[in-house]
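The following note sets out points for a colleague who is reading the model alongside its sequence. The points are numbered for ease of reference.

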Amino acid sequence: MNDRKIPVTEDELHAYVDGELPAERRADVEAWLAAHPDEAERVQSWRAMAEMLHARYDSIAQEPVPARLELERLERRPRQWLYGAAAAVLVAFVAGGTAGWVAHGAASAPSTFQNFTADALDAHRLYVVEVRHPVEVGGNERDHLQAWLTRRCGWTVFAPNLEASGLKLVGGRLLPGPSGPASFLMYEGASGERYTIYTAKTENGATQMRYAKTDKDGALFWAERGVGYVVSGGGDRDRLTKVAQAVYDQAEKNGT
Amino acid sequence: MIPALRRYARALTRDADAADDLVQDTLVRALRSERLFLGGDVRSWLYTILTNLNKNRRRSLARRPQFMQLTENNPDASGTEAEGRDIERALATLVEEQRSVLLLVMLEGMSYREVADIQGVPIGTVMSRLARARAHVKASLEGERPTLRRVK
């Protein structure tokens, strides 16, 4: 039925499955596949293949990383100062991957807002995949968690109630921030989606809310009274915005 | 990132110890390298190091005797396990470059551009490797278990 269109090539079929096909061509390929069941079956078999690969190998990415692969161990070598600096950069990248910040030179000031957000996204990506140990202190100890993080961080760390957004507090942990400690809180929704709130000291007194995105995750960040907030979550920007708004409102009310 | 590197290394080598050795060497190499300070895409870069180190590893491996698995796999194993073995065997029949492309695209979710950079070849080469790898694995899976073809 669509034979008047340009015929679909083998390369295009692969590009279609791999999400590399230009958007304007998708409909053509889909129509063509509908008219060519053998080819559609072949495309489907590639999808099944991808599922098999993930079913076989994803569990390895979920295992705890063996001690000998921990960067802290690997970096404990001569020329400490160099490794220290290199490792710090690498840890930031490796933890989360491509937060889209480049040329973070060893000499550059460490606490610009961008680095800060990248740190938060890295922490987000590092911990949201954790099944058994996502947090140090569980959400059932909310008061203790808040008191502990407040004491260690030096500003009021407050775990907002996000149940109106369908999120439950999983718990939190203390992290090294760009200039001192950072607090990290994790929330979880009904279908397992996780959101995290990262706060750390920042030079920016107060800023507007801004959005940053990596390939999978998004983050909204702002500063208020010298404390930077980064709310990170999955790709759904609208939901993320609602969550961040709730965090912002409660933090305001709480006077933190 | 390290978990994903381990997953890729395991699928590439199909050997747990060799895979973690590879990841360790990759990280040590990365920590030592000055390129870190120039920024750029660290993810692609780590995969590039790992891919290259694996080439060296295979070269030295080729001079050693091959060890084969003695026990035949349990044919009554559950469906997922059996599928896991099938895909593992199918991967083993691919030449290294094709296996690497297949895994980077299908398992690690990399773009063709990233894979081209990692392998140091044009995108066209990546696409033809991918097409051949898919055809090969499909044939191998169907030969292995003719009943496996799923229609969804």
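1. The note begins with one residue of chain B in this predicted model. B:Ala116 belongs to helix H6 of chain B, a helix that covers residues 112–119. Is B:Ala116 buried or exposed? Neither term applies in full: B:Ala116 is partly exposed, because 18 other C-beta atoms lie within 10 Å, whereas a buried residue would need 20 or more and an exposed one 12 or fewer.

2. The surroundings of B:Ala116 can be described further. Leaving aside residues up to four places away in sequence, B:Ala116 touches B:Val121, B:Pro122, B:Ile123 and B:Val126. For B:Val126, the separation from B:Ala116 is 10 residues in sequence and 6.0 Å in space, taken from C-alpha to C-alpha.

3. Chain A contains an open sheet of seven strands, arranged in the order E1-E2-E3-E4-E7-E6-E5 with antiparallel pairing. Its edges are formed by strand E1 (137–138) and E5 of chain A, each of which pairs on one side only.

4. At the E5 side of the sheet, strand E5 (residues 210–213) of chain A runs antiparallel to strand E6 (residues 218–224) of chain A, and four bridges join the two. One residue pair can be named here: A:Tyr211 has A:Leu220 of E6(A) as its bridge partner. The connection from E5(A) to E6(A) is a hairpin through four residues.

5. Elsewhere in the sheet, six bridges link strand E4 (residues 194–201) of chain A with strand E7 (residues 227–233) of chain A, again in the antiparallel sense. In this pairing, A:Val227 of E7(A) is the bridge partner of A:Lys201. Helix H8 (residues 237–254) of chain A packs on the sheet and touches E2, E4, E6 and E7 of chain A, with a direction at about 150 degrees to that of E7(A).

6. A further helix of chain A also meets these strands. Helix H7 (residues 142–153) of chain A lies across E1, strand E2 (167–177) and strand E3 (180–189) of chain A, and runs at about 20 degrees to E2(A).

7. Confidence should be considered for chain A. The average pLDDT of chain A is 80, and 80% of the residues score at least 70. Over residues 77–86 of chain A, pLDDT stays under 50, and the model has seven contacts beyond four places in sequence for this stretch. Residues 92–111 of chain A likewise stay under 50, although the model has 52 contacts beyond four places in sequence for them. Where pLDDT is low, predicted coordinates should not be read in detail.

Definitions and conventions
Residues are numbered from 1 along each chain as its sequence is written. Chains are lettered from A and ligands numbered from 1 in the order in which they are written. This is a predicted model: local features need pLDDT of at least 70, side-chain atom pairs count only at pLDDT 80 or more; totals for chains, interfaces and linings use all residues. pLDDT is the predictor's confidence in each residue, from 0 to 100. Two residues are in contact if their C-beta atoms, placed from the backbone, lie within 7 Å. Two strands pair if DSSP finds at least two bridges between them. Axes are lines fitted to C-alpha atoms, for helices over the stretch in contact, and angles run from 0 to 180 degrees between N-to-C directions.
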